[in-house]
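Trainee: I should like to examine how the descriptive terms for this model are justified. May we take them one at a time?

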Amino acid sequence: MLKELLKLKGVKQKWLANKIGVSEVTVSNWVKEKSIPSDKNYQKISKTLNIPLKDLMN
């Protein structure tokens, strides 16, 4: 899901990582679905990408 959202918004994993204060590896793991963001990071992603939290977590 996150991979598609980043592509849709036209942003890079590195940019998102810098904006929300996590490593690029962390974002990469979320994109590859090796791990999932914490609730706090979901909120940061939602705010940064201007996507409703409920849409992000589906």
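Mentor: Let us begin with a definition: a residue counts as exposed when its relative accessible area is over 50%, and as buried when that area is under 20%. Please bear in mind that this is a predicted model.

Trainee: Why is Glu-33 called exposed?

Mentor: The relative accessible area of Glu-33 is 61%. The cut-off for exposed is over 50%, so Glu-33 is classed as exposed. Glu-33 sits in the loop between α3 and α4, and has a positive phi of about 60° although it is not a glycine.

Trainee: How do you know that Asn-50 is exposed?

Mentor: By the same cut-off, over 50%: Asn-50 has a relative accessible area of 65%, and is therefore exposed. Asn-50 belongs to the loop between α4 and α5, and its phi, near 55°, is positive in a residue other than glycine.

Trainee: What makes α2 oblique to α3?

Mentor: Helix α2 (residues 13–20) and helix α3 (residues 24–31) pack at an angle of about 120°, their axes being 8 Å apart. Roughly perpendicular covers 65 to 115 degrees and roughly antiparallel begins over 145; the angle of about 120° falls in neither range, so α2 is oblique to α3. Their crossing is right-handed.

Trainee: Which residues of α2 and α3 make the contact?

Mentor: Helix α2 contributes Gln-13, Lys-14, Leu-16, Ala-17 and Ile-20, while α3 contributes Glu-24, Val-27, Ser-28, Trp-30 and Val-31. These contact residues divide into six nonpolar, two polar and two charged.

Notes
Residues are numbered from 1 along each chain as its sequence is written. This is a predicted model: local features need pLDDT of at least 70, side-chain atom pairs count only at pLDDT 80 or more; totals for chains, interfaces and linings use all residues. Side-chain values use heavy atoms; hydrogens and water are left out. Axes are lines fitted to C-alpha atoms, for helices over the stretch in contact, and angles run from 0 to 180 degrees between N-to-C directions. Helices (H or I, at least four residues) and strands (E, at least two) are DSSP runs, numbered from the N terminus. Angles under 35 degrees count as roughly parallel, over 145 as roughly antiparallel, 65 to 115 as roughly perpendicular and the rest as oblique. A crossing is left-handed if the near helix is turned anticlockwise from the far one by less than a right angle, and right-handed if clockwise. Contact means heavy atoms within 4.5 Å. Ala, Val, Leu, Ile, Met, Phe, Trp, Tyr, Cys and Pro count as nonpolar, Asp, Glu, Lys and Arg as charged, and the others, Gly among them, as polar. Buried means under 20% relative accessible area, exposed over 50%, partly exposed in between (1.4 Å probe, protein chains only).
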